[in-house]
Amino acid sequence: MLLKGPALMVDLAIVDPVFTMTAPSAVTANTGIDALCHAVEAYTSVKAFPMADTMALSAVKRIFNSLYECYIHPDNFEARAEMAVAATEAGMAFNNSSVTIIHGMSRPIGALYHVPHGLSNAMLIDKCLRFAAPACPERFCTLAQTIGVYKEGMSDIEGANAFLDAVKELCKKLNIQTLEEFGVDKKSFYANTEKMASDAIASGSPANTRRNPSKEEIIAIYKSLFD
């Protein structure tokens with residue numbers, strides 16, 4: 001269940017990177033990719049708008065500049081500070097523009113298989129964004145420009161693919177676990193895909209995706225996680 005509402009909104013947030021300095025490397029990686037999901041989903045959501053876009057793009061740039069550095073050099077305070085700002089910006093972005101298919105599909109995995117939230121998002125990010133990109137390649141191309149992987153003369157689709165490849169490479173460098181590596185049984189997972197797809201749709205998040213997925217398409221993405 002997702003709990004939300006004005007009563008849960010803080011009056012003051014103290015964002016101090018010191019509290020992240022001793023996080024295990026896997027936690028740094030998983031929560032960092034979660035923040036990336038927040039920013040990219042907010043930017044590509046049907047509810048996106050200019051003020052939130054500004055925060056989302058800034059967060060994506062900071063994450064690509066600093067997350068891997070935090071992962072390999074956990075005591076780098078400047079990188080930790082950049083990630084703290086990025087996570088805050090991404091949170092502000094998705095609080096206004098909402099998340100999309102990644103988060104919608106992630107929650108059922110966490111509920112049924114106890115995969116930590118950031119990790120389940122990271123498991124899904126490549127497949128889900130590749131599904132979503134054809135509906136707004138120009139937005140994904142802008143993300144490519146933001147992180148510096150866009151090359152002059154690229155079409156929107158080529159730029160989008162460059163960004164998606166960069167996301168996949170980042171996850172690889174961060175040693176993101178697969179479902180199989182985490183210990184999820186393939187047969188059990190396949191047996192639950194219909195329920196998970198229904199629960200994902202019921203959450204409302206997939207409907208924020210510019211390419212609105214059907215239940216069958218969500219099931220297919222779930223199954224592709226074992227490819």
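## Two loop residues with positive phi

A residue counts as buried when its relative accessible area is under 20%. In this predicted model, Ser98 has a relative accessible area of 18% and is therefore buried. Ser98 belongs to the loop that links helix 3 (77–97) and helix 4 (101–113). Its backbone is notable for a phi near 75°, a positive value in a residue that is not glycine.

Asn175 also has a positive phi without being a glycine, here about 55°. This residue is placed in the loop between helix 7 (156–173) and helix 8 (179–182). A relative accessible area over 50% counts as exposed, and Asn175, at 55%, is therefore exposed.

## Helix 1 and its crossing with helix 6

Helix 1 spans residues 25–44, and helix 6 spans residues 137–147. Their axes come within 10 Å and cross at roughly 140°. Angles over 145 degrees count as roughly antiparallel and those from 65 to 115 as roughly perpendicular, so helix 1 and helix 6 are oblique to each other. The crossing of the two helices is right-handed.

On the side of helix 1, the contact is formed by Val40, Tyr43 and Thr44. Helix 6 contributes Arg139, Phe140, Thr142 and Leu143. By class, the residues of this contact comprise four nonpolar, two polar and one charged.

## Buried polar residues in helix 1

Two further residues of helix 1 are described here. Thr28 is found in helix 1 and, with a relative accessibility of 7%, counts as buried. Apart from residues up to four places away in sequence, Thr28 touches Ala23, Leu67, Cys70, Tyr71 and Arg80.

Asn30 is likewise located in helix 1. Its relative accessibility is 14%, so Asn30 counts as buried. When neighbours within four places in sequence are left aside, Asn30 is in contact with Gly118, Leu119 and Ile176.

## A buried glutamate in helix 3

Glu89 lies in helix 3. With a relative accessibility of 14%, Glu89 counts as buried. Not counting residues up to four places away in sequence, Glu89 touches Met55, Ser58, Ala59 and Arg62. For one of these partners, Ala59, the separation along the chain from Glu89 is 30 residues, while the C-alpha atoms of the two are 5.7 Å apart.

## Helix 4 against helix 5

Helix 4 packs with helix 5 (residues 117–132) at an angle of about 140°, and their axes are 8 Å apart. That angle makes helix 4 oblique to helix 5. The crossing of helix 4 and helix 5 is right-handed.

From helix 4, the residues that meet helix 5 are Ile101, Ile102, His103, Met105, Ser106 and Ile109. Their counterparts in helix 5 are His117, Ser120, Asn121, Leu124, Ile125, Cys128, Leu129 and Phe131. This contact has nine nonpolar residues, five polar residues and no charged residues.

## Helix 10 against helix 11

Helix 10 covers residues 193–203 and helix 11 covers residues 215–224. The two helices pack at an angle of about 125°, with axes 9 Å apart. Helix 10 is therefore oblique to helix 11. Their crossing is right-handed.

In helix 10, the contact involves Thr193, Glu194, Met196, Ala197, Ser198, Ala200 and Ile201. These meet Lys215, Ile218, Ile219, Tyr222 and Lys223 of helix 11. The contact divides into seven nonpolar, two polar and three charged residues.

## The largest nonpolar core

The largest nonpolar core contains 65 residues. Within that core, the residues with the most contacts are Ile33, Phe140, Phe163, Phe189 and Tyr222. Two of these names have appeared above: Phe140 takes part in the contact between helix 1 and helix 6, and Tyr222 is among the helix 11 residues that meet helix 10.

The surroundings of Tyr222 can be given in full. Not counting residues up to four places away in sequence, Tyr222 touches Gly104, Met105, Pro108, Ile109, Phe189, Thr193, Met196, Ala197 and Ala200. Among these partners, Met105 and Ile109 are also residues of helix 4 that meet helix 5, and Thr193, Met196, Ala197 and Ala200 belong to the helix 10 side of the contact with helix 11.

Note on methods
Residues are numbered from 1 along each chain as its sequence is written. This is a predicted model: local features need pLDDT of at least 70, side-chain atom pairs count only at pLDDT 80 or more; totals for chains, interfaces and linings use all residues. Side-chain values use heavy atoms; hydrogens and water are left out. Helices (H or I, at least four residues) and strands (E, at least two) are DSSP runs, numbered from the N terminus. Buried means under 20% relative accessible area, exposed over 50%, partly exposed in between (1.4 Å probe, protein chains only). Axes are lines fitted to C-alpha atoms, for helices over the stretch in contact, and angles run from 0 to 180 degrees between N-to-C directions. Angles under 35 degrees count as roughly parallel, over 145 as roughly antiparallel, 65 to 115 as roughly perpendicular and the rest as oblique. A crossing is left-handed if the near helix is turned anticlockwise from the far one by less than a right angle, and right-handed if clockwise. Contact means heavy atoms within 4.5 Å. Ala, Val, Leu, Ile, Met, Phe, Trp, Tyr, Cys and Pro count as nonpolar, Asp, Glu, Lys and Arg as charged, and the others, Gly among them, as polar. A nonpolar core is a set of buried Ala, Val, Leu, Ile, Met, Phe, Trp, Tyr and Cys residues joined through side-chain atoms within 4.5 Å.
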